[in-house]
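User: Could you help me learn to read a protein model, one feature at a time?

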Amino acid sequence: MFRGLVSKARDGTRLTADLYLPPGDELRAYPTLLERTPYGRHIPRFRDFGSAAASAGYAYAVQDTRGRGDSGGVFHLMTNTPDEGEDGIDTWNWLREQPWCDGDRMGMVGGSFSAANQQALALHHPRGLRAQVLRDAGTNYRHRMFRYHGAYNIGVALPWAITHGLELALQRGDAQMIEALEDMRDRSAQWIDMLPLKKGESPLRLAPAYEEIYFRMLQESDDTPYWHNPTVRLEGRWDEYPTDVAIFLISGWFAHHANANLDKLRELGGRSHRPVKLVMGPWVHSPQMLELTTAGEADFGPAAAEQGPVTASWLNWLDNHLKDAHPPEKASEPALKYFVMGLGDGHRTPEGRIFHGGEWRAADSWPLKTTIATPYYLDAGGGLSPERPAPGSASLSYLFNPDDPCPGIGASSLQSEAFPNFVLPGPRDQRCRPSLSACRGSDRPLSERSDVLVFQTKPLAEPCEITGPLELELWVSSTARDTDFTAKFIDVYPPSDEHPEGAALMLSEGIVRMRYRDGRATGELIEPGRPYRVVLELNPTSNLFKRGHRIRIDVSSSSFPQYDVNPNTGEPLGAHTHTVVAEQTVYMDGLRASHIVLPIQPSTAH
């Protein structure tokens, strides 16, 4: 390994990389891989992959991005200036000049940030690029990541800012900064009492670069140029993407970018002359995607790891598309491998998880061609069925108090389990636990809260497989000028010896901030009391609801502290002065028929 190789970006900034070469004394041109990371090029997973790639005959360069590690410049998460695409193409062209690089056989690998910056680089059409491995990167980070349909994803942003602010303090050896940020990190159970944070009033002020990122993303809620940096916005640029690159996509049903990766499969796969493949597993956003067998409170069994191990799977893709002098023009297997959850018997594992189980399937496209899109309507008696409500007035109302928000228990938009007092990622039983700060000591089901509306089917007489995108159409009104509506999609286990009170396993969720309804680029307040039709996009799913289970939808107006709480005042976001209790109404009559479209699959014997 060669440490500390320096290249220069177009503005003169020094970018530092480590290089792994195949063993032996012979210096020749090797197929070359690039990975660019903000998380430190020395960490074990980069060293391990670099060693494996070199042993497999590749040159592998892993570079600290601008403003991180030993690279120069200023770091602003995914909105750096110059952008990651520019830094990336400058690095790429430098690699091509090196004697150990085969400039006609090059690839890129990486996950999360390291996949998003690949996408930005690819828009420059780098010469010699033949293959990519993209683990769970998004296409529009304002719409589906840092913000979700208007709401701010505090559950990701705050732990990230604290963790990386502390990392900077440790690098600098700043004792005061270390002590303050370590204290804040270790008091995660008290974070909810600090929210909403005020700039300059928390220990984050000692890491101003990271405090700036947190508050910029909180307050920059409109679709401004800030959110059009190519690292955070691939959406809308599909025709600019290379069509001669073999792309391996990886995501999960409980990952940040499940919808985005299915979009990429459709948009890039439909344009590309080379194979585009997606593996969609029962995983949260993680470097261990392809190997994980659990998520949140669910255990999916050893089958969930059948697409791994990670390194072997990545290298197999690269071998097929970089080492062969004539790589395949067409895929030799279906474009989509996906995991159908819910085939397990539901027993509690020794670790206390629900054995939800599942199996792998394959398809050529998404949504599945076999899908029977079936509306299931909400009714005022708490039912959920394919029977459309009769004409006439029917509605349910509840009071949403921003000072007593509904806790978020589990999520399909979180990743870290490092702060379990604060947020809990993945599928979870929708019951409070005293250890979760937002529950305020309660151990009762969320369905007992007065600000949660529950709609569920009768116990199923036959198994029902739901595989596809999920959208909930609600007709709603509010006494507020701005507010939120949330939804959760749940597999309800019946009472049993294993689950005396049953279990309500959340599979997917969504939120909409009313000022950004219908995908508005600029916030527009609502008229109090006026009914509006809104569509909540949930994460897609694939789940077998077994005989005796119920399909359930929970509707509320907060999922705290995963998302920032809407104060209901209509004031500028991140700068409100007070909160207002709002009366929320959900309509379910013949003319305003709130419903979810279920992507039901034909009956299959299990």
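Analyst: Happily! Let's begin with contacts: two residues are in contact when they have heavy atoms within 4.5 Å. Among contacts in this chain between residues at least 6 apart in sequence, 75% join residues at least 24 apart. Please keep in mind that this is a predicted model, where local features need pLDDT of at least 70, side-chain atom pairs count only at pLDDT 80 or more, and totals for chains, interfaces and linings use all residues. Residues are numbered from 1 along each chain as its sequence is written, and side-chain values use heavy atoms, with hydrogens and water left out.

User: What radius of gyration does the chain have, and what would a compact globule have?

Analyst: The radius of gyration is taken over C-alpha atoms, and the globule rule is 2.2 Å times the number of residues to the power 0.38. For 606 residues the rule gives a value near 25 Å, and the chain has 24 Å, which agrees with a compact globule. The C-alpha trace spans about 80 × 60 × 45 Å along its principal axes.

User: How many helices and strands does the chain have?

Analyst: Helices (H or I, at least four residues) and strands (E, at least two) are DSSP runs, numbered from the N terminus. Here they come to nine helices and 26 strands.

User: What share of the residues counts as buried?

Analyst: Buried means under 20% relative accessible area, exposed over 50%, and partly exposed in between, using a 1.4 Å probe and protein chains only. In this chain, 61% of the 606 residues count as buried. C101 is buried, because its relative accessibility is 7%. V6, in strand β1 (residues 2–8), is partly exposed at 30%. Without counting residues up to four places away in sequence, V6 touches R14, L15, T16 and W94.

User: Which cysteines form a disulfide?

Analyst: A disulfide is a pair of cysteine sulfur atoms within 2.5 Å. The structure holds one: C432 and C439 have their sulfur atoms 2.4 Å apart. The torsion about their S-S bond is about -85°, so this disulfide is left-handed. Both C432 and C439 are buried.

User: Why does C406 not bond with C432?

Analyst: The sulfur of C406 is 7.5 Å from that of C432, its closest cysteine sulfur, which is too far for a bond. C406 is also buried, with a relative accessible area of 3%.

User: And how do I read a pocket?

Analyst: Rolling a probe the size of a water molecule over the atoms shows where empty space is left. On a 1 Å grid over the protein atoms alone, a pocket is an open set of points where a 1.4 Å probe fits, with protein on both sides within 12 Å along at least five of seven lines; lining residues have an atom within 4 Å of a point. Grid points are joined across faces, edges and corners, and a volume is the space filled by probe spheres set on the points. The largest pocket has a volume of about 750 Å³. It is lined by 35 residues, and Y39, W160, H285, Q415 and S416 are the closest to its centre. Helix α4 gives the largest share of that lining, seven residues.

User: What is the volume of the second largest pocket, and which residues lie nearest its centre?

Analyst: The second largest pocket holds about 550 Å³ of space. L195, P402, P405, F560 and V565 lie nearest its centre, out of 35 lining residues.
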